[in-house]
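Work through these exercises with the model open. Each task is followed by a solution in steps.

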Amino acid sequence: MRLFVVSNRVAVSTGQSAPGGMTVGIEGALRAHGGVWVGWSGKASTDGSVSSRCVAHGNVDYVTLDLPPEKFQGYYAGFANQVLWPLCHGRRDLVAYSSGDFESYLHVNGLFADELVRRLGPDDLIWIHDYHLVPLARALRARGVGSRIGFFLHTPFADPDDLFDLPVHGAIAESLEAYDLLGFQTRGDLESFRTFISRSRASRRLGSVHLTSPPRADVFPIGIETAEFESTARAAQIVDTRLSAIFDRLGSGIAAIISADRLDYSKAIPEKFRAFGAFLELHPEYEERVCLVQVAPIGRSEIPAYALEAARTRSAYRDLRAAHQRAELPVAELLTESVDRPSLAAAFRRSRVGLVTPFRDGMNLVAKEYVAAQDADDPGVLVLSSFTGAAEELSGGALLVDPREALSVVRALRQALEMGIEERRARWSKMISVICRNDAAAWAGNFIESLRGRREAPHLRSTSIAPSRDAPRARLDFRAVRTAQSSWEVQAVSDRARHLVVGRAAPGDGARTAFVTNNAGVNEFLLRVRSAGYTTELLGPNGPVKL
Ligand code: G6P
């Protein structure tokens, strides 16, 4: 049995800075468990087809795909990042939906499914990551894959009301239901998911029948490679030339307040610059004693909202410097390129405050990395937005703030800078024990064990073969559970819905679809199922029925 991890972005292990929190977590998990990591190569295919290659590093095989550019655009910059991302971060005002983008999204998911089908063995476990790949399990099931498939959402789960406004909310719900196990960062995300699925099932029940309970879902807060990051921070020098020049200029007389975010409207970077400006106005004694160092690599720049956010960020930065820059000493620094991880780890260790203030964030691994990088004898203070997943785990030690309230950030900055060594140590030890216990390996181990441990598969679901008189009006008192790859057990049948028909889509394609009908119409119903191209077997209340 091998573990297949699938995500849009793959960090081929070169020691380079990973593009975001998701790849950091997955990389740690895969290093601990070994397996195959499948994702986009970062390149477009030249002739519109898909090409893939496989590179091995240690115990991980990296399989990367070049994707056709015309489909990639609608998939990545379209549906994933202009519909799902803003919805998941409470920015429905930024949603730009188009049915063409959704088709590209499904198409690219199909390409990933084709690649996986070529490589999967029967006992392999599949773990799919993030909002780019929601439909992948469904696409795999349609190709006959019977393996267990799990999904982990790295972002927050969208507000169910917002999701319902999407024309394709039904397809999204059905895609989510194709998984054996879904993992979320926080209890709030899990609740939103459950609300969305139960409302969606209620609306779909009007037209068809559900045979299964909703898929299993739980909370699995993602972790980092804590020990590895700590030792990197302890040993590393800042080799990034821009960052090392900044820290050289600060010397020991100016305390660094550090932030590292992808430049994204969910991260509230301009608001952070303004809050820092307010801090300096209210506490002028800190002028020339502190410097805000913001690392904010630019990405997704083909999307208008990101170009706008980059402009807002630069302008807030200019305003801050114009108002507070004195003489030669820097008041704030903004780096919009990515920085290698060892340099970042070393800079975190040298910074008195980690300032992590997004409006909304699934987890925010930078918060955990900042804690891991600290010197146990003289740790810095984490100032953390309450609207991050990390706040749920780190509330015992971090100073929690509301990024919309500049004053709450101002208060926390002052408290952080004035905090005595004893309190800093006490707060830090609470946080470090959480992130040591729940590191990347533990996170992945919990998820994988849970996925493996599932004994029931939820793949048996109803389908609508064109509405017909005899198609199931029956209430759903009919429950069927797959007990092994090839057998189905019917657990309870009402006297209204007597027969379960299990169809096979095509020879050699293991996909199974269940239809339910009432006793009276069974023969006509079977004919309809067969004429729709299915071969069938019939299950009655006590097991298979001879046809
Ligand atoms: C961050 C988010 C992830 C997301 C990733 C994608 O890491 O936390 O949820 O998958 O960004 O970033 P990209 O640069 O690939 O758009």
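**Exercise 1.** Find the strands that helix H3 lies across, and give its angle to E4.

Solution. Start with helix H3, residues 99-119, in this predicted model. Helix H3 lies across strand E1 (3-9), strand E2 (35-44), E3 and strand E4 (60-67). Then take the direction: helix H3 runs at about 140° to E4.

**Exercise 2.** Give the strand order of the open sheet of 8 strands, then explain its edges.

Solution. The order is E3-E4-E2-E1-E5-E6-E7-E8. The pairing is mixed. Now look at the edges: strand E3 (51-57) and strand E8 (216-219) each have a single partner strand, so one side of each has no neighbour in the sheet. Next, the twist: neighbouring strands of this sheet are turned by 20° against each other on average, direction ignored.

**Exercise 3.** Describe how strand E6 is joined to strand E7.

Solution. Strand E6 covers residues 149-152, and strand E7 covers residues 181-184. The two run parallel, joined by 3 bridges. For a residue pair, take Gly150, which stands opposite Leu181 in E7.

**Exercise 4.** Decide whether Gln294 is buried or exposed, and list what surrounds it.

Solution. Locate Gln294 in strand E10, residues 290-295. Its relative accessibility is 0%; buried means under 20%, so Gln294 counts as buried. Its side chain makes a polar contact with the side chain of Lys272, at 2.8 Å. Leaving aside neighbours within four places in sequence, Gln294 also has contacts that include Ser259, Asp261, Phe273, Glu333 and Leu335.

Methods: Residues are numbered from 1 along each chain as its sequence is written. This is a predicted model: local features need pLDDT of at least 70, side-chain atom pairs count only at pLDDT 80 or more; totals for chains, interfaces and linings use all residues. Side-chain values use heavy atoms; hydrogens and water are left out. Helices (H or I, at least four residues) and strands (E, at least two) are DSSP runs, numbered from the N terminus. Buried means under 20% relative accessible area, exposed over 50%, partly exposed in between (1.4 Å probe, protein chains only). A polar contact is a pair of N or O atoms within 3.5 Å; within protein, one must be able to donate a hydrogen and the other to accept it, and residues adjacent in sequence count only if both atoms are side-chain atoms. Contact means heavy atoms within 4.5 Å. Two strands pair if DSSP finds at least two bridges between them. Axes are lines fitted to C-alpha atoms, for helices over the stretch in contact, and angles run from 0 to 180 degrees between N-to-C directions.
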